[in-house]
Amino acid sequence: MGTGGSWDANPRVPLGSGPPALHGGAGAGPRPLPLCGLRPRGAAVARTGRDGGAGPGGGGSSGRFVGAAGPGGPGKGFRAGGPGYRGGAGAGPVRVGARGPGYRGGAGGRLRSVQSWGVPGQEVPPGMGSLMYPQVQGPHHPPLKPPASPGLPAPQGPWEHIQGRDKGVTSPWVPLHPLAGFRMAGQDLAPSSCDCFVALPPHTAVPAVIFGKNADRPRHEVQEVVYVPAATHHPGDKVQCTYLEIEQVERTHAVVLSRPAWLWGAEMGANEHGVCVGNEGVWTREPVGEDEALLGMDLVRLGLERGSSAREAVEVITALLERYGQGGSCKEEPVPFVYHNTFLLADRTEAWVLETAGRYWAAQQIQEGSRNISNQLSIGREITAEHAGLRQRARSQGWWSGDGEFSFAEAFSLTDQPPRMEAAKARYHAGRELLRQHAGHITAETLMAILRDKGSGICVDSEGFRTAGSMVSVLPRDPAVPCVHFLTATPDPSRSVFKPFVFTPGLKPAPQVISPTFREDPAKQIPRFRSVVDRRHQLYRRHQAALELMERDEERGQKLLETLRELEKQGLEGMKALLGGTVTPHPEELADLFFDCVEAEMKFYT
């Protein structure tokens with residue numbers, strides 16, 4: 001019996017030169033790159049245990065996936081009959097233990113380096129921008145100096161009530177932070193923020209709801225991806241949110257969160273029931289909270305942990321909003337940055353837009369088509385549910401006469417918008433147009449391309465703000481088919497990899513995308529944010545080095561970017577097979593999927 005496959009003994013490969021070699025011994029079952037590790041339905045495949053116990057066709061301490069005898073020869077692999085992964089001429093079908101070039105070859109078969117691949121750039125639908133290497137400013141220029149003037153008007157007008165707070169016109173200069181001098185693409189000093197998208201049949205190409213979000217945050221901020229398992233709690237238990245402690249519920253759902261590493265909540269995430277939630281900042285006629293309360297990002301996590309549908313999540317968020325209010329600084333800096341929130345929520349059957357102004361709110365149900373939000377109050381007269389005192393509040397403040405139809409956006413929007421919200425209008429209209437152009441054909445790849453679009457400003461890369469993390473989720477209408485969530489855990493989706501995550505028992509933790517913790521955390525000490533800590537996780541650090549390579553060496557950077565696109569493509573193809581029912585993955589494969597994808601990406605950066 002042959003020995004199990006393994007990574008090359010010397011897996012360190014220079015950035016831009018391709019992935020580590022992967023090969024197996026004769027007759028062995030090498031560990032495949034996880035993005036391609038699904039087998040055709042009905043194929044006879046035996047698996048070793050986690051420790052590589054013996055199985056038909058392979059064994060040994062590192063032979064985790066092994067092939068059983070099947071049609072076409074012994075040791076037929078998971079992607080039986082398919083072309084070799086970037087294999088050279090004559091690679092043939094993928095077979096565990098087969099000799100020759102190509103992915104999962106036997107003795108001597110290994111991945112070729114990127115220089116010899118000749119990978120073409122990924123094609124992007126018209127109007128989606130480019131995924132090719134952008135022109136950027138390298139990190140080795142003389143240290144940047146704070147601009148004499150950010151080119152933004154002084155706060156005035158009806159939003160002057162945000163005294164002592166960031167009024168949506170934050171200076172793009174972030175001093176004294178260890179990452180402040182590292183700069184990627186973009187010269188635009190105009191403030192920007194998040195974008196959320198959802199598409200439902202008939203706008204989707206498949207019978208599924210597809211959700212996507214870019215989390216645009218202060219440039220130096222690190223976003224981590226955290227899995228929190230379901231839990232049962234005791235009566236009287238409390239939960240400590242970012243600033244506020246509130247009552248815990250009896251049971252919380254399992255969630256995966258993409259969040260700024262310093263806080264408790266999340267910019268976006270999903271739960272085990274196929275519910276997705278993302279939030280956006282807005283400024284309204286209602287004054288922002290002067291005191292620490294629940295952040296909008298706390299409400300994202302609370303809605304996911306407590307709601308088994310999008311509608312239930314709306315109910316959870318609005319009840320907590322009315323009880324505790326929203327407030328507190330939303331960035332890890334001494335100067336407070338405070339805003340109200342809008343939310344986009346989705347599940348397998350419908351979506352909801354929830355928009356707030358202080359403790360007041362309005363919600364709109366979306367049952368078909370597509371929708372996006374971008375730092376604007378966008379709910380007009382199509383209100384499905386609302387705060388009981390919403391209209392009375394508008395009348396008492398003189399924002400609505402009481403005659404005619406009530407429009408939440410018209411009543412509660414500021415007459416003179418802060419620059420941040422004015423800049424968001426163009427992104428909102430661009431996002432809506434991109435969804436319209438692809439109506440009827442929207443897929444996960446479509447939303448990924450939209451999130452990568454820099455021309456529209458949806459993918460942000462300016463001196464003050466950038467897209468810190470991105471997420472796309474596919475929520476099939478068929479409850480028997482699992483939901484698939486793709487997360488980057490790194491900044492700038494145009495130069496990041498969307499990695500698949502599926503809820504399943506026994507999920508393997510991914511410490512590579514979890515930020516370090518600190519005994520004396522400046523976000524938890526009073527007064528807050530008086531010092532700076534380095535929250536970069538392992539993947540962030542390696543990705544940062546890759547971005548530096550892209551800026552130093554255009555040719556090698558382009559090759560690395562193409563390699564990352566190919567890695568992502570394999571993941572998309574595997575998840576399409578899963579969603580289409582043409583594969584039956586072992587639960588252990590799904591449990592390790594996200595961890596293995598992160599690990600594979602990191603090896604490209606080593």
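**Exercise 1. Place strand S11 among its neighbours.**

Ser 258 stands opposite Met 268 in S11. Start from that pair and work outwards.

*Solution.*
Step 1. Fix the conventions. This is a predicted model: local features need pLDDT of at least 70, side-chain atom pairs count only at pLDDT 80 or more, and totals for chains, interfaces and linings use all residues. Residues are numbered from 1 along each chain as its sequence is written, and side-chain values use heavy atoms, with hydrogens and water left out. Helices (H or I, at least four residues) and strands (E, at least two) are DSSP runs, numbered from the N terminus.

Step 2. Find the strand partners. Two strands pair if DSSP finds at least two bridges between them. S10 (residues 255–260) and S11 are antiparallel, with four bridges. S11 and S12 are antiparallel too, over three bridges. There, Gly 269 faces Val 277 in S12.

Step 3. Look at the turn. The S11–S12 hairpin has four residues between its strands, and Gly 274 takes a positive phi near 80°.

Step 4. Sort the side chains. Buried means under 20% relative accessible area, exposed over 50%, partly exposed in between (1.4 Å probe, protein chains only). From S11 (residues 268–271), Met 268 and Ala 270 point one way, Gly 269 and Asn 271 the other, and all are buried.

**Exercise 2. Trace the strands on both sides of S13.**

*Solution.*
Step 1. Check burial. In S13 (residues 340–346), seven of seven residues are buried. One direction holds His 340, Thr 342, Leu 344 and Ala 346; the other holds Asn 341, Phe 343 and Leu 345.

Step 2. Add S12. S12 (residues 276–282) pairs with S13 in the antiparallel sense over seven bridges. Gly 278 stands opposite Leu 344.

Step 3. Add S14. Five bridges join S13 to S14 (residues 351–357), again antiparallel. Val 353 is the bridge partner of Leu 344 in S14. S13 and S14 make a hairpin with four residues between them.

**Exercise 3. Explain why His 485 and Ser 515 count as buried, then list their contacts.**

*Solution.*
Step 1. Take His 485, in strand S19 (residues 484–487). His 485 counts as buried because its relative accessibility is 1%.

Step 2. Find its polar partner. A polar contact is a pair of N or O atoms within 3.5 Å; within protein, one must be able to donate a hydrogen and the other to accept it, and residues adjacent in sequence count only if both atoms are side-chain atoms. The side chains of His 485 and Ser 473 make one at 2.7 Å.

Step 3. Widen to contacts, meaning heavy atoms within 4.5 Å. Beyond four places in sequence, His 485 touches ten residues' worth of surroundings, including Ala 270, Cys 276, Met 471 and Phe 503.Step 4. Take Ser 515, in the loop between S20 (499–501) and H7 (538–552). Ser 515 is buried because its relative accessibility is 6%.

Step 5. List the partners of Ser 515. Beyond four places in sequence, they are Val 222, Glu 224, Ala 261, Arg 535 and His 537. The side chain of Ser 515 reaches the backbone oxygen of Arg 535 at 2.7 Å. Ser 515 and His 537 are 22 residues apart along the chain, yet their C-alpha atoms are separated by 4.5 Å.

**Exercise 4. Check the span of helix H5 and find what its buried side packs against.**

*Solution.*
Step 1. Compare spans. The expected span is 1.5 Å times one less than the number of residues. H5 (residues 419–437) has 19 residues and reaches 28 Å from first C-alpha to last, close to the expected 27 Å.

Step 2. Pick out buried residues. Among them are Arg 420, Ala 424, Arg 427, Tyr 428, Gly 431 and Leu 435.

Step 3. Name the packing partners. The buried residues of H5 pack against S3 (195–199), S12, S16 (370–373), H6 (444–451) and S18 (465–476).

**Exercise 5. Identify the nonpolar cores.**

*Solution.*
Step 1. Apply the rule. A nonpolar core is a set of buried Ala, Val, Leu, Ile, Met, Phe, Trp, Tyr and Cys residues joined through side-chain atoms within 4.5 Å.

Step 2. Take the largest. This core has 77 residues, and Phe 406, Phe 408, Phe 412, Val 513 and Phe 594 have the most contacts inside it. Helix H9 (residues 587–605) gives the most to this core, with seven residues.

Step 3. Take the second. A separate core of 30 residues includes Val 228, Ile 246, Trp 264 and Ile 317.

**Exercise 6. Decide where to trust the coordinates.**

*Solution.*
Step 1. Read the confidence. pLDDT is the predictor's confidence in each residue, from 0 to 100. The chain averages 75, and 68% of the residues score at least 70.

Step 2. Find the weak segment. Over residues 1–191, pLDDT stays under 50. Where pLDDT is low, the predicted coordinates should not be read in detail.
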